[in-house]
2 protein chains.
Amino acid sequence: MTPELKIQQMRYVLAIVDEGGFHAAARRLHRTQPALSLAIRDLESRLGQALFEKGGKALPTPFGDYCLPRFRGLVAEHDRLAQELLQHAEQRRGRVDVATVPSVASRLMPQLLADFVKAYPDLQVNLHDGNADYVQRMVAAREVDLGITSLWQVDDAFAFTPLMHDAVGVVCRDDHPLAGRQAVDWRELDGQTLIRNGTSRLLAGTEAASLLERSAFYISNMISLTAMLEAGIGITTLPRLAFPEEYQRLRFIPLSTPHVEREIGVLKSARHSLSPAAQAMERCILDSLGNSKNLALDR
Amino acid sequence: MTPELKIQQMRYVLAIVDEGGFHAAARRLHRTQPALSLAIRDLESRLGQALFEKGGKALPTPFGDYCLPRFRGLVAEHDRLAQELLQHAEQRRGRVDVATVPSVASRLMPQLLADFVKAYPDLQVNLHDGNADYVQRMVAAREVDLGITSLWQVDDAFAFTPLMHDAVGVVCRDDHPLAGRQAVDWRELDGQTLIRNGTSRLLAGTEAASLLERSAFYISNMISLTAMLEAGIGITTLPRLAFPEEYQRLRFIPLSTPHVEREIGVLKSARHSLSPAAQAMERCILDSLGNSKNLALDR
DNA sequence: AGCAATGGTAAGGATAACTTATCATTTTAT
DNA sequence: ATAAAATGATAAGTTATCCTTACCATTGCT
C-alpha cells in the first residue's frame with residue numbers, strides 16, 4: 001500500500017532539479033546518466049505519477065513540484081539525524097555520568113576532568129560522589145555509566161578494572177607521639193582513642209580488626225572527622241588517597257603491620273555496554289590512571 | 001563522511017526492539033533472521049557503534065536507546081510523506097484550478113462539479129470565470145490548470161480538446177416580430193437595433209460581419225445586456241449556451257444563415273503536464289461532456 | 001546541414017540483499 | 001539434571017537491485 005521511498009532516490013531527484021539536468025546531476029553524484037533515468041523511472045512507477053516532463057528537458061511536472069520541497073525536507077532530516085548520530089557515536093557529543101568516592105572526586109577527578117574536557121570539549125560530564133556502597137548502587141541502577149571506587153561487594157553483575165592500590169595508614173595530629181614515624185604497627189595503637197570512619201571497615205578481617213570493636217566513635221562526615229582530629233581528640237585510619245593534604249597539622253603514617261589496602265578501579269555494569277561518551281570517559285580514565293600506579297601521592 | 005542510513009534498516013531496528021527479538025521481527029517483516037542480523041551489522045558498522053548488546057538477547061545498547069526514538073521519528077516522517085504523496089498521486093487529495101467562460105460556468109459547471117465532488121470528495125476545486133481571452137491568459141500563466149472555453153487564438157503552447165459546438169442565434173423579447181421563428185437569416189436583422197456583446201466577434205469574418213459595424217451598442221456585462229433586451233431596446237446575438245434561460249420574456253432564434261458556431265473545449269498548457277488533481281478534473285470533464293454532444297440544451 | 005547537447009533504451013556486470021544450512025549459547029521444560 | 005527449544009551468529013550460495021557501457025532518438029545551436 002504505502003510505497004517505500006528511498007532516501008537516495010529523493011537525492012537523485014533533488015540533484016537533477018538543482019543541477020538542471022540528468023547529466024549534470026550524474027556528474028555531481030558520481031553516477032552515470034542512465035542510472036538516474038532508471039532510478040527516477042522506478043520512483044515514478046512507485047508513486048504512479050511522473051516527476052519530470054517527457055520532452056527532452058528535465059523540468060519537474062506539477063506533481064514533481066509538489067514533491068520537491070517534501071523530498072528536500074525528508075532528505076535534510078535524514079542528513080541531520082545521520083550527522084547527530086555520528087557525532088554521538090564518535091564521542092563528539094553526548095553525556096557521561098560518573099560516580100566516585102569522595103577521595104577520588106577530590107584528589108583524582110580535577111586533573112582527570114581537565115584532561116577529559118580538553119580531549120572531548122563537547123561532552124557533558126556529570127559527577128556524583130558518595131561512599132563505595134552508594135557508587136556501586138548508582139552503577140547497578142544505571143544512574144551513572146561508570147564508578148571510580150573500591151569494590152564494595154564482588155558481584156558478577158559488575159565489571160571492575162583495577163587502577164591502583166591505596167594503602168591504609170594512621171592519621172593523627174602533628175603533636176601526637178606517632179606523628180614523625182615512617183610506619184606503624186597496629187599493636188602500637190592499643191589504648192589510643194580511635195575514631196572510625198567509612199573506610200574503617202577495610203581493617204575488618206585483618207589482625208587489626210579488634211581495634212574497631214574498642215572504638216567508641218564513628219564519624220562518616222569528612223569535615224567533622226578532620227575537625228575532631230585537629231582538636232586532638234583522637235586518631236583514625238584512612239587510605240592515603242583519602243588523607244586530606246590540606247590540613248597542615250595532620251599527619252599520615254602508613255600502617256606497616258598489617259599491610260591493608262583498598263583497590264581503586266573503574267566499575268561498570270557487566271550486562272550493559274557503555275554509551276559512546278562513557279566509552280570516551282573510560283578510556284580517558286584508564287589512560288590517565290591505568291599504567292602509572294600513581295606513586296606521586298607523597299607530599 | 002555522513003553515513004547513508006536506509007529507512008529499511010531503521011525499520012528493522014524498530015521491529016527487533018518492538019517484537020523483542022530477531023526471529024519475531026523477521027517473522028513480522030517476512031524476512032529471515034540472518035537477513036536482519038546482516039542488516040543490523042551493516043548499520044552498526046556505518047555508525048561505528050553497536051546498537052544491540054552482544055549476549056544472546058536482543059537488548060539495545062545505550063547508544064541503541066539513543067537512536068531508537070530518532071529512528072522512529074524519521075521512519076514515521078517517511079511514512080507520512082509517502083502516504084501524502086500517494087494520496088496526491090491517486091487524486092485523493094489536492095487542488096484544481098479551473099477557468100471558464102461565464103456561460104460554461106453557469107450552465108455546465110453546476111452539474112459537472114456535483115459529479116466531480118461525488119467522485120473526488122477530498123479534492124479542492126477553485127473555479128474562475130471570465131471571457132475567453134481571460135481564460136486563455138489564465139491557462140498560459142498557469143494560474144489555472146484547465147480552461148473550459150472557446151479558442152481565442154490558436155497557439156501551439158496550448159492543447160485544446162473540443163467538447164461541443166455552440167451555435168449562435170438571435171436573442172430578442174417575446175413581443176419581437178422574430179420571436180416565434182424557428183430560424184433567421186442575417187439579412188432579416190437589417191435595420192434592427194443590435195446590441196453587441198463579448199461573443200459578437202464570432203460573427204467577424206462571416207457574411208454577417210457588416211451587422212457589427214452598424215451597431216451602436218456594446219455591453220459586456222450579462223446582467224446589463226439582459227436588462228436592455230427585456231426593456232425591448234434592441235436584440236443581440238449569443239451562442240445558445242450563453243442564452244440565459246431564466247429570463248421568461250427572452251427568446252432565442254438560431255441563426256441559419258450564416259451558420260456560426262463557437263467550439264467549446266478543454267484548454268490546457270501543451271508544455272506542462274497536469275497535476276494529479278487536474279488530471280482527475282480533465283477526465284471528469286471529458287467523461288461528462290465529451291461524447292454526448294450535449295443536445296439537451298433546449299428548454 | 002551538421003554537430004553537440006539532451007534524455008531514453010537494452011544488455012551485461014558488480015554489488016547489495018536475502019535465503020538456506022549450520023553452529024554455539026542460553027533458556028525452558030520435563 | 002538433562003533434553004528440548006529458542007536465541008543470535010556465521011558461511012556459502014542465490015536473487016534482486018543497482019549501475020555501467022554502448023547505442024539510439026530528439027532537440028537546440030552554430
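In the predicted model, a phosphate oxygen of DNA strand D lies 2.8 Å from an N or O atom in the side chain of His23(B). Another approach involves Arg41(B): a polar side-chain atom of this residue is 2.4 Å from a phosphate oxygen of DNA strand D. From chain A, an N or O atom in the side chain of Tyr12(A) is 3.0 Å from a phosphate oxygen of the strand. Two or more residues of the surface near DNA strand D come from each of H1 and H3 of chain A and H2 and H3 of chain B. Helices are DSSP runs of H or I with at least four residues, strands are runs of E with at least two, and both are numbered from the N terminus. H3(B) gives the largest share of this surface, four residues.

DNA strand D has 18 residues around it, and Thr32(A), Phe22(B), Ser37(B), Arg41(B) and Gly56(B) come nearest. Sugar and phosphate make up 64% of the strand D atoms that come within 4 Å of the protein. A residue counts as near a strand if one of its heavy atoms lies within 4 Å of it. By class, the surface near DNA strand D holds seven nonpolar, eight polar and three charged residues. Here Ala, Val, Leu, Ile, Met, Phe, Trp, Tyr, Cys and Pro are nonpolar, Asp, Glu, Lys and Arg are charged, and the others, Gly among them, are polar.

DNA strand C is also surrounded by 18 residues, with Phe22(A), His23(A), Ser37(A), Arg41(A) and Thr32(B) the closest. A polar backbone atom of Phe22(A) lies 2.7 Å from a phosphate oxygen of DNA strand C. Lys6(B) places a side-chain N or O atom 3.1 Å from a phosphate oxygen of this strand. A base is approached as well: a base nitrogen of DNA strand C is 3.0 Å from an N or O atom in the side chain of Gln33(A). H2 and H3 of chain A, together with H1 and H3 of chain B, give two or more residues each to the surface near DNA strand C. The largest share, four residues, is from H3(A). Of the strand C atoms within 4 Å of the protein, 66% belong to sugar or phosphate and the rest to bases.

The largest nonpolar core has 60 residues. Such a core is a set of buried Ala, Val, Leu, Ile, Met, Phe, Trp, Tyr and Cys residues joined through side-chain atoms within 4.5 Å. Phe71(A) and Phe71(B) have the most contacts inside this core. Helices H1 (7-19), H2 (22-29), H3 (33-47) and H4 (62-89) of chain A and of chain B each supply at least two of its residues. Beyond its neighbours within four places in sequence, Phe71(B) is in contact (heavy atoms within 4.5 Å) with residues including Leu81(A), Leu85(A), Met10(B) and Leu43(B).

Met138(A) lies in helix H7 (residues 132-140) of chain A. Met138(A) counts as buried because its relative accessibility is 10%. Buried means under 20% relative accessible area, exposed over 50% and partly exposed in between, with a 1.4 Å probe and protein chains only. Asp97(B), in strand S1 (residues 94-100) of chain B, is buried at 8% relative accessibility.

Residues are numbered from 1 along each chain as its sequence is written, and chains are lettered from A and ligands numbered from 1 in the order in which they are written. In this predicted model, local features need pLDDT of at least 70, side-chain atom pairs count only at pLDDT 80 or more, and totals for chains, interfaces and linings use all residues; side-chain values use heavy atoms, with hydrogens and water left out.

Conventions: A polar contact is a pair of N or O atoms within 3.5 Å; within protein, one must be able to donate a hydrogen and the other to accept it, and residues adjacent in sequence count only if both atoms are side-chain atoms.
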